[in-house]
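Welcome, and please take a moment to look over the sequence and the 3D view below. A short guided tour comes after them.

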Number of protein chains: 2
Amino acid sequence: MHTLEDFKTQVDLSRKAICEDLYASCRDQIQVKKKPTALRNLERIIDSTLELANRTGFQAMTLRDLSRHSGLSMGALYSYIGSKEELVRLIQEHGRHLSARVIYDCLEGVEGPAARMAAAIRAYVYLTHILQDWFYFSFMEARHLGREQMEAALQGDLRTEATFAGIISDGQRAGLFADVDPHLTAAAINAMLQDWYLKRWKYRRLEVTPDQYADHLINMTAAILAADMRASASPVGGGAAF
Amino acid sequence: MHTLEDFKTQVDLSRKAICEDLYASCRDQIQVKKKPTALRNLERIIDSTLELANRTGFQAMTLRDLSRHSGLSMGALYSYIGSKEELVRLIQEHGRHLSARVIYDCLEGVEGPAARMAAAIRAYVYLTHILQDWFYFSFMEARHLGREQMEAALQGDLRTEATFAGIISDGQRAGLFADVDPHLTAAAINAMLQDWYLKRWKYRRLEVTPDQYADHLINMTAAILAADMRASASPVGGGAAF
DNA sequence: GTCTATACAACGATAGAC
DNA sequence: GTCTATCGTTGTATAGAC
């Protein structure tokens, strides 16, 4: 799996497929029992929420806005969601599960630290590219969740980094990677990955494709982890590294 | 200037100094004319806004909350701010100006691409460390501004990256840096810098000091820009870079 | 210069007709 | 299963006493 097109053929991330998955996981909370109808309206609600909330924030989006944009009345809306707060929880939670599963699948069977690192980066770029609005929403609105849900979001981020840190540690033990700090380096990779969906406007303006971005990230990571460069993981002072 | 302590002695970023600066730039909009009183209350308002808004978002913070937390009544509040929306504009605008000035000062007189790169990274880490809450607020609440103000925020981000891209280009012309894409690499550095104030909890948990973070960032950047590694700026496929 | 009291709009949420 | 009408609450903002 080396391109976005490859990725798309292997993982179905259409809004329809995701909403079907989402419906299955919370059908007991939805009062509408006719599946095709429920599915269609749930998709509208999710779509509208992401679009409106990503424009000016979830708090700024009123349910009347959502009602108008989704084409459902206020009453109909409430036969799908329990409350406004539950809507944000639903989206976030499902996104985390989806993300974890996709990354896990993409790394399965890939052998060797270098290949695994490249595959993980590629998978994240493609995943977050296709679900840009979903990830942007999750990042920006994580604060509006309750304590236990926010802790879950935190853990999700840490697990992402743990994946990268683990690959780096493996590579170091195998003598393939430089002796940099695994956690700090993993955090840096994570930050660069998040930039892709947090600053969509910028990369659109630069006309950078997902494939180019993934390639560039892999190149930078390779440079950082190049074993022949530095011997020490401990910070050095004064920019002497140059 | 090679440590946070160095930085602190050269740049006064105490809340008091900043609010004094802020007061000077908008005293015509403040109805209270007694300077010491106005200064003290303005500082309370800014402090409370940053604390409350950074907890659950600016939209979620009500002016009643702000009134209670700052110790000022609703009426008193409105003799300092014109509206809730103007408050967010005030903070953002002033932060941008302050940031631009500090970075400019820190780079003045520094010669050579490598030293300039290190100095710029260091200045940003220290600046955003001291004004964590201010930068966190600016990033998260940029969406709540009007169109022209939001465009200004965008331009601020682009100018930051243009600074880094310029240094990279200079280094490439001098044959010191690898032939990577200046814009994409600058964007990556920017993303890693922003991670420092966007994920405070993580670096606090890892017990990473600002100096360590700056050093690590400089090391990574040095590795990415190391001239002897790669010859091509165009992306290569399939993780072959490793 | 700061306070309390209040105006008025808009919010999330629900009840009951269809 | 979806709608309209309406509830009670809470928001921003202001007026006028002190």
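What follows is a walk through one chain's build, the two DNA strands, two helix crossings and a salt bridge.

This is a predicted model, in which local features need pLDDT of at least 70, side-chain atom pairs count only at pLDDT 80 or more, and totals for chains, interfaces and linings use all residues. Residues are numbered from 1 along each chain as its sequence is written, chains are lettered from A and ligands numbered from 1 in the order in which they are written, and side-chain values use heavy atoms, with hydrogens and water left out.

**Chain A as a whole**

Let us begin with chain A, which has 12 helices and zero strands. Helices here are DSSP runs of H or I with at least four residues, strands are runs of E with at least two, and both are numbered from the N terminus. The C-alpha trace of chain A spans about 65 × 40 × 35 Å along its principal axes.

**Around DNA strand C**

DNA strand C is surrounded by 18 residues, and the closest are A:Thr62, A:Leu63, A:Tyr78, B:Lys33 and B:Lys34. A residue is near a strand if one of its heavy atoms lies within 4 Å of it. Of the atoms of DNA strand C that come within 4 Å of the protein, sugar and phosphate account for 66%. By class, the surface near DNA strand C has eight nonpolar, six polar and four charged residues. In this scheme Ala, Val, Leu, Ile, Met, Phe, Trp, Tyr, Cys and Pro count as nonpolar, Asp, Glu, Lys and Arg as charged, and the others, Gly among them, as polar.

**Around DNA strand D**

DNA strand D has 19 residues around it, and A:Lys33, A:Lys34, B:Leu63, B:Arg64 and B:Tyr78 are the closest. Sugar or phosphate supplies 61% of the atoms of DNA strand D within 4 Å of the protein, and bases supply the rest. The surface near DNA strand D divides into eight nonpolar, six polar and five charged residues.

**Polar contacts with the DNA**

The table gives polar contacts, which are pairs of N or O atoms within 3.5 Å; within protein, one must be able to donate a hydrogen and the other to accept it, and residues adjacent in sequence count only if both atoms are side-chain atoms.

| Residue | Part of the residue | DNA atom | Distance |
|---|---|---|---|
| A:Arg64 | side chain | base oxygen, strand C | 3.1 Å |
| B:Lys34 | backbone | phosphate oxygen, strand C | 2.6 Å |
| B:Asn41 | side chain | phosphate oxygen, strand C | 3.0 Å |
| A:Asn41 | side chain | phosphate oxygen, strand D | 3.0 Å |
| A:Ser73 | side chain | phosphate oxygen, strand D | 2.9 Å |
| B:Leu63 | backbone | phosphate oxygen, strand D | 2.8 Å |

The elements giving two or more residues to the surface near DNA strand D are helix 3 and helix 5 (74–77) of chain A, together with helix 4 (63–70) of chain B.

**Two helix crossings**

In chain A, the axes of helix 7 (residues 113–130) and helix 12 (residues 210–225) come within 9 Å and cross at roughly 145°. Axes are lines fitted to C-alpha atoms, for helices over the stretch in contact, and angles run from 0 to 180 degrees between N-to-C directions. The contact of helix 7 with helix 12 of chain A is made up of 11 nonpolar, two polar and three charged residues.

In chain B, the axes of helix 6 (residues 84–107) and helix 8 (residues 132–140) come within 10 Å and cross at roughly 115°. Contact means heavy atoms within 4.5 Å, and the residues that make it include B:Val88 and B:Ile91 of helix 6 and B:Trp134 and B:Phe135 of helix 8 of chain B.

**A salt bridge along a helix**

Over all chains, the structure holds 31 salt bridges, each a side-chain nitrogen of Lys or Arg within 4 Å of a carboxyl oxygen of Asp or Glu. One of them joins A:Arg55 to A:Glu51, with the closest N and O atoms 3.5 Å apart. A:Arg55 and A:Glu51 are separated by about one helical turn because they are four residues apart in helix 3 (residues 35–56) of chain A.
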